[in-house]
Number of protein chains: 2
Amino acid sequence: MAADDTTAPVPPSPWERERPARDRVSTARAPLTRERVVEAAFTVLDRQGLDGLSMRQVAGELGVTVSALYAHVSSKDDLLELMYTRLFDDFAIPEPDRERWEEQLRDFARSVRRRLLSHRDMARISMGHVPFTAELLPHVESLLALFRAAGLPDRIAAEAGDLISTYVDGFVLEEGIWQDRAARQAGDDDPSLSRPDWREMAGEMQDYFAALPAADFPHLRALSGLMVMDSSDDRFDIGLEIILRGLASYLPDQGAGAPDA
Amino acid sequence: MAADDTTAPVPPSPWERERPARDRVSTARAPLTRERVVEAAFTVLDRQGLDGLSMRQVAGELGVTVSALYAHVSSKDDLLELMYTRLFDDFAIPEPDRERWEEQLRDFARSVRRRLLSHRDMARISMGHVPFTAELLPHVESLLALFRAAGLPDRIAAEAGDLISTYVDGFVLEEGIWQDRAARQAGDDDPSLSRPDWREMAGEMQDYFAALPAADFPHLRALSGLMVMDSSDDRFDIGLEIILRGLASYLPDQGAGAPDA
DNA sequence: ACCTGAACACCGTTCAAGT
DNA sequence: ACCTGAACACCGTTCAAGT
């Protein structure tokens, strides 16, 4: 299938919700498999969100009894982990190029964000898992390779992966909170419609900040425009850049920090 | 300048679980209040974890019917938000001192981590909330004041708070995952006992990494010691330091990065 | 071998009724 | 005014029974 959206240096244009549109041809009587259960779980997730993702809903999606699921999945937690794993199935991290380590890390972080954004509430699922499984460990290895090839001291390299992954997860999770909030607000009358209406939300936040007592909140008022109005992509890149600069300061040939390894 | 041990004014000695030990004198017939409901919720949280925190359990803790809670709290979500708010009730961020901004930020991050660690699964609750409420907004303001006093460009200051908060939340959340895992493992037979037994867990992780094929996982094997054996406090400080150095690179008088504002 | 049906022990939330 | 009891519409998980 060759997705290879993994390392495109192009701006990702997020918020696009990657409609599944899989071959939903004959849901009829294909034999139930682990893979089909996971597939159905993604469908339910995108439709109802993580809070609406129940084993019963997944079973319903497949036209099957709840208990039938337990022949292919040992628990709901197991199912969530399978979803997390499948999200990064064909994820590819390039061979380290020590001259381009910063660019490679930027691409990595952006690809992870794009994958997390491709399914609703996926960041919440991701946050609850550590990637120390047979399927995910190779990705951790490739990421560490990037840091070490760049010449970072081991103590820094050992933390850097966690730091970046946490940043991406946390950022996307917060994006999801705002989206949900906007959706809930827009779809007050008809919650099934739920058009996010981002601009309106941002406007209201802006008004909220502008209404704060100027004497008590000078900084919040001064920065609120940047905090709520800036594009999420730009805000994401800024945070990422802070981290990358921090890492760069540990390179021996950099003037900023002592190598100290 | 500045070796990596830039961080060590006061080790907070974490893992100490701040036993509530409140005046649990007469649970008897004190009138039910919002505050008492929140109090009971913390008790249940520490005993059962977030997954075991149900309205019925909280009611039971208070010797009251479930429905009685809804006179003081509008929903479970509301209750969680009250808990999140109460955790930072008397949280104080100092007046900005532009010469000591890095030290002040370190103290801030460590205090937040200590608060999150003071109740089980608190980071999970925190992650699901944005601090844009009447009670929490002053803290956001104080944090922004620190960045701006340091001389950071507005675009950087606007993201820095989110970045640091996300880092702390994510780090503590991950700590919690490992703790739970260790507890579940230790308390296999008697899950109520559940002695974390950190050292044993780390040893097993170490063995797991050591057993990986050396040809495929050279970096993971090389760094696993640092990743699992290092004290959490040290690991926390390293990630924090990366962020602080990144921020510092945006200061006009720093040589490392262009001001770029 | 694979799935169904029914049950168990829970959930959050609402609301009439009691005191 | 404040709380109870009962109900509603859900949960995850198990397991004997069917085919």
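**Two DNA strands and a buried helix**

In this predicted model, a polar side-chain atom of B:Arg56 sits 2.5 Å from a base nitrogen of DNA strand C, which puts the pair within the limit for a polar contact (N or O atoms within 3.5 Å; within protein, one atom must be able to donate a hydrogen and the other to accept it, and residues adjacent in sequence count only if both atoms are side-chain atoms). Elements giving two or more residues to the surface near DNA strand C are α3 of chain A plus α2 and α3 of chain B; helices here are DSSP runs of H or I with at least four residues, numbered from the N terminus. With three residues, α2(B) gives the most to that surface. Chain A reaches the strand too: an N or O atom in the side chain of A:Thr65 is 2.5 Å from a phosphate oxygen, and one in A:Ser67 is 2.5 Å from a base oxygen.

As for bookkeeping, residues are numbered from 1 along each chain as its sequence is written, while chains are lettered from A and ligands numbered from 1 in the order in which they are written. Local features need pLDDT of at least 70 and side-chain atom pairs count only at pLDDT 80 or more, whereas totals for chains, interfaces and linings use all residues; side-chain values use heavy atoms, with hydrogens and water left out.

Around DNA strand D there are 17 residues, with A:Arg56, A:Tyr70, A:Lys76, B:Thr65 and B:Ser67 the closest; a residue counts as near if one of its heavy atoms lies within 4 Å. Phosphate oxygens of this strand lie 2.7 Å from a polar side-chain atom of A:Tyr70 and 2.5 Å from one of B:Thr65. B:Ser67 goes for a base oxygen instead, at 2.5 Å. Of the strand D atoms within 4 Å of the protein, 50% belong to sugar or phosphate and the rest to bases. The largest share of this surface, three residues, comes from α2(A).

Away from the DNA contacts, helix α1 of chain B (residues 34-48) has 15 residues and spans 21 Å from first to last C-alpha, close to the 21 Å expected (1.5 Å times one less than the number of residues). Eleven of its 15 residues are buried, meaning under 20% relative accessible area with a 1.4 Å probe and protein chains only. Among them are B:Val38, B:Phe42 and B:Leu45. The buried residues pack against α2, α3, α4 and α6 of chain B, contact being heavy atoms within 4.5 Å. Just after the helix, B:Gly49 takes a positive phi of about 80 degrees.

Definitions and conventions:
Buried < 20%, exposed > 50% of the residue type's maximum accessible area, 1.4 Å probe, protein only.
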